[in-house]
Amino acid sequence: MLLSAIVPALLVGVVAGQNGTLPIYKDPKASIDDRVSDLLSRMTIQDKAAQLLQGDLSNWINMTDNTFNATGLAWNMAYRAGQIWSGFPADQQWIAEGIKVGQDYLLHNTTLGIPAFFQNEGIHGFLSGNATIFNSPIAHACSWNPDLIHKMGAAIAQEALALGINQLLAPLGDLARELRFGRVEETLGEDGYLSGELGYSYITGLQGGNVSAMVKHFAAFASPEQGINTAPVHGGERELRTTYLPSYKRQIIDAGVYSVMSAYHSYDGVALVANHHILTDILRDEWGYKYYVISDAGGTDRLCNDFKMCRSKPIDKEAITLYALPAGNDVEMGGGSYSFEKIPKLVEEGRLSEEVVDTAVSRLLRAKFAAGLFENPYLAAPGADEANLLIHTPETVALARQIDTESIVLLENHNGVLPLSKTANIAVIGPMADFMNYGDYVLNGSQYHGVTPLAGIKAISEGTVTFAQGCERWSNDQSGFAQAVAAAEGADVAVVVVGTWSRDQVELWQGLNATTGEHVDVASLKLVGAMPHLVRAIIDTGKPTIVVFSSGKPITEPWISEDAAALVQQFYPSEEGGNALADILYGVANPSGKLSVGFPYDVGTTPIYYDYLNSARYVEAGKEYANGTLKFGHQYVLNSPVPLYEFGYGKSYSTFVYSDFSLSKTNATAEDIITASVKVTNNSTRDGTEVVQLYVKDVISSVVVPNIVLRGFSKIPIAAGETKTVEIPFAVSELGLWDLRMKYVVEPGDFIAFVGSSSADRRANATLTVS
C-alpha cells in the first residue's frame, strides 16, 4: 500500500486571494520579488522559523521498516519545513514515497502550501542505492573537461530527481592547498580557476536538470591549521580575495547556484557561520547573491562548543541564533541543537528584529521560486519501474567510465613500457588491486560493487593474469610478499596497485582505519604499512613494474618515480575505475589527464601549489640518494621546495609540439577580451588529446601577487601527425589585483602570457601591455 494512501485526508484551507483569485505568490507570471513579498506577508513568525530549520525524512518514515508516522510528519512540517534531509541508505522507493508524502502534506495540509527542498549528497554521484558512482572530485578535476563535468551534473540530476530529490549538497569551491587535510579528495584541486570552471559546469548541468546545487564550504575551508579538519584557517583579506574567493564566485554567482553552505572553521579569527563580512558584506552586498546560506551539520553549535563564543553546557541556543542569523547564515542544518527554534521567542522579546528573519526567509523563498518548486514540487518517476529506467543507465555508466579514463594521469613511462601488449602475461599485485577504492561520500557497502583494477585488466588481457594481494593496506605484515614476488617473477610485467583509502558514509564514522576522508587527517603523505616495501620487493624482481597510485591525495614516494618502469595516478575511481585503468594501461585510450593538484617530494616541503607569491620558493636543493650519499643544499638541505609533479602535469603516449603562439592584441585596456592562439601538432603515430594551458604573469605590481595564474585552458583531440590551432580567450579584467587600499584594479603595465602543457612546462610566451 502506498504511503500516500494513508496520509490523513483532512486538508487545511489553502490561502486564496481576494474574491477567490489566485494569490500573487502562486502566480507563475508574477515577478519573483512580488511573489516573495506576497508570501512573506502571509507568514506567521512560526511559519518563518520553520523555513529556517532543516527537517528530516526519518521524522515520518522509519528507515529500517518503512513505518509511517503521521504525528512526526505533522510536527516536522510545523517546525522544520524549509528543507528536509533525505539521504538515507534505505530502499529507493521508501525514499521516493516518503518524499511524495511530505511534499503533498506541505502543499495540501498546510495553510500556505510552501514546498520543500529534499536534500541528499552528490559530490561524485547521488547517494542512493543503485545510483551511479563517479570518480571523486579530485579525480574528475584531472579530466580538465568541463563538458564532461556538465554531463555528469545532468546525469546525477536525472538520478536524484527520479526519487524526488531536488537539492544536492555539492560541489565544493574549496581548494586543495593543504595536503595533510583529509578532504583533499572532495575538492576540485588546488587552483581557483580550474575549480571555478569545473564547479560551474557541474552546477549548470545539475540545475539544468531541475535539481538545486549547493556550493560548499564557504569560504577558504580546506587550508586548516596543521591540516586538521575544522581547525582555524589563517590568512588576511588580500589572500582571501586573491586566492580563495574566485572559485566560489564563479560557482555561486556565474552559475547562479540556489544555495551555499557556510563552513565549520574560522578565518582570521572569525567563525564563518557568524562572519558578517564574508556572508553579507562580500557575498550579498558586493557579489549581489540573492539566495540563501545554510550552515553545515552541527556547524552552529561550534560557536559555543568550539569557538567559545557562548555557553556550551547547556548550549546557549539564543546566543547562537543571535550570532549566526544576523551575520547572513540564513538556515540551520540539523546535526546539532536546532538553535533557530528560538527565533519566535527572540522576536517576541524584541532581541531579534523580525526584519532579519524576513531577510533570511525571503532568500530561501526566492531560491524556491527561481528553482520552480511552486510549479513543479515533485518531479519523481511515478514508480519503481520508471525510476529504474532513469537510474544507473548504460549511458550514465559509460559516462562514468569516460570521465574516469580522461582523469587518469600518466606520471612516468620509462622506455615506453606502456601501453602494454594484450598478449603479455600480467601479475596484478597489491591491496588496492582487487578492491573498489572509492572516496568518501558513498553508501555503505559500495566497495562491494564496481569494476576493480584486476577485473578491468582481466577483461582486456589476452594473456595470463595472476593475482597476489601481497599485504593488507592497513598492516605491516609482509607474509604475503613471497606469493607476490613469485607472481611477478612468473609474469612478463607486474602491475602493483597501492595508495590511500577512505571509507563509506557509515564506516567513516565508526572509527575504522582510513588514511583520507572527512576528519581523517595525516602527518605524512607516504604509503603506510607494508605497501612501500611490497613495491620495492616487486621492482627488485627485475620485471618491468607499473605502479598505480590509487589515492585521494598526492603520495610522496619519489623513489618509485625513479625505480618503477611506469607510474600511473588514478585518484579515487568511479564504479568503472578498473575498466578505465585497463583502457589506459593497454592503450585502448591515450592518457589525457592532467594533475589538478601538485605532488611534493615530502610533506615537509608543502605547500606546493604552483601559484606561490612572488619572492617565495627560492631553490638550492639538496638530496639524499638511495646509496646513502648526501648532497647538501639550503632550500632545502636534503630536499627541494619545487613540486615532484606540478599542477597541470601529465604525460601522453603522443608527443605534442607547440608553435606560432600569438595574442589577438598586444596592447589593450581593462575592458578588452584577448584571444591567445597557438598551433599544436601531434608529432607521433598515435592519436591523442592535449590540454593546452594558458598562464599569465603580472610583470610589475604594486602589491605582491602570484608568480603566475591559470587564465584559460582547452582540451583538444589531435590526430597523429595533425596540427590544430587552439584559441583561448581571456578577459583583461581578470588580470587585476587587490591594491594597497583593498580595491580591485587592473594596473597598467606588461603581462606575459604563457602557453604550455603544465604550469611548469611552458612552451611559448607573448607580452600584453595594458594601458
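Modeller: In this predicted model, a residue is called buried when its relative accessible area is under 20%, and exposed when that value is over 50%.

Biologist: Why is tyrosine 338 called buried or exposed?

Modeller: The relative accessible area of tyrosine 338 is 17%. The cut-off for buried is under 20%, so tyrosine 338 counts as buried. Tyrosine 338 is found in the loop between helix 11 (317-327) and helix 12 (343-348). Its phi is positive, about 55°, although tyrosine 338 is not a glycine.

Biologist: Aspartate 660 is another residue with a positive phi, near 55°, that is not glycine. Is aspartate 660 buried or exposed, and why?

Modeller: Aspartate 660 has 52% relative accessibility. Exposed requires a value over 50%, and therefore aspartate 660 counts as exposed. Aspartate 660 lies in strand 18.

Biologist: What makes strand 18 an edge strand?

Modeller: Strand 18 (656-663) pairs on one side only, and so does strand 23 (723-731). These edge strands belong to an open sheet of three strands with the order 18-20-23 and antiparallel pairing. Neighbouring strands of this sheet are turned by 25° against each other on average, direction ignored.

Biologist: How do you know that strand 18 and strand 20 are paired?

Modeller: Pairing requires at least two bridges between two strands. Six bridges join strand 18 to strand 20 (residues 673-682), so the requirement is met. The two strands run antiparallel, and valine 657 stands opposite threonine 681 in strand 20.

Biologist: What joins strand 2 to strand 3?

Modeller: Three bridges join strand 2 (residues 83-85) to strand 3 (residues 117-121), and these strands run parallel. Tryptophan 85 stands opposite glutamine 119 in strand 3.

Biologist: How do you know that cysteine 304 and cysteine 310 form a disulfide?

Modeller: The sulfur atoms of cysteine 304 and cysteine 310 are 2.0 Å apart. The cut-off is within 2.5 Å, so the pair qualifies as a disulfide. A search of the whole structure finds one disulfide. Cysteine 304 and cysteine 310 are both buried.

Biologist: Why is the disulfide of cysteine 304 and cysteine 310 called left-handed?

Modeller: The torsion about its S-S bond is about -105°, so the disulfide is left-handed.

Biologist: Why does serine 407 count as buried?

Modeller: Serine 407 has 3% relative accessibility. Since buried means under 20%, serine 407 counts as buried. Serine 407 is found in helix 15 (residues 394-407). Not counting residues up to four places away in sequence, serine 407 touches Asn135, Ala139, His140, Cys142, Ser143 and Gly593. One of these, cysteine 142, counts as buried at 0% relative accessibility.

Biologist: What makes the link between the side chains of serine 407 and asparagine 135 a polar contact?

Modeller: The contact between the side chains of serine 407 and asparagine 135 is 3.2 Å. The distance cut-off for a polar contact is within 3.5 Å, so the value satisfies the distance criterion.

Biologist: How do you know that the buried residues of helix 16 lie on the same side?

Modeller: The buried residues of helix 16 (residues 453-460) are Pro453, Leu454, Gly456, Ile457 and Ile460. They cover an arc of only 165° around the axis, which puts them on the same side of helix 16. Among the elements that cover these buried residues are strand 11 (426-429), strand 12 (465-468), strand 13 (493-499) and helix 20 (577-585).

Note on methods: Residues numbered from 1 in each chain as written. Predicted model: local features only at pLDDT ≥ 70, side-chain atom pairs only at ≥ 80, totals over all residues. Heavy atoms only, no water. Helix = DSSP H or I, 4+ residues; strand = E, 2+ residues; numbered from the N terminus. Buried < 20%, exposed > 50% of the residue type's maximum accessible area, 1.4 Å probe, protein only. Polar contact = N/O pair within 3.5 Å; in protein donor to acceptor, adjacent residues only side chain to side chain. Contact = heavy atoms within 4.5 Å. Arc of directions from axis to C-beta. Axes fitted to C-alpha atoms, helices over the stretch in contact; angles between N-to-C directions.
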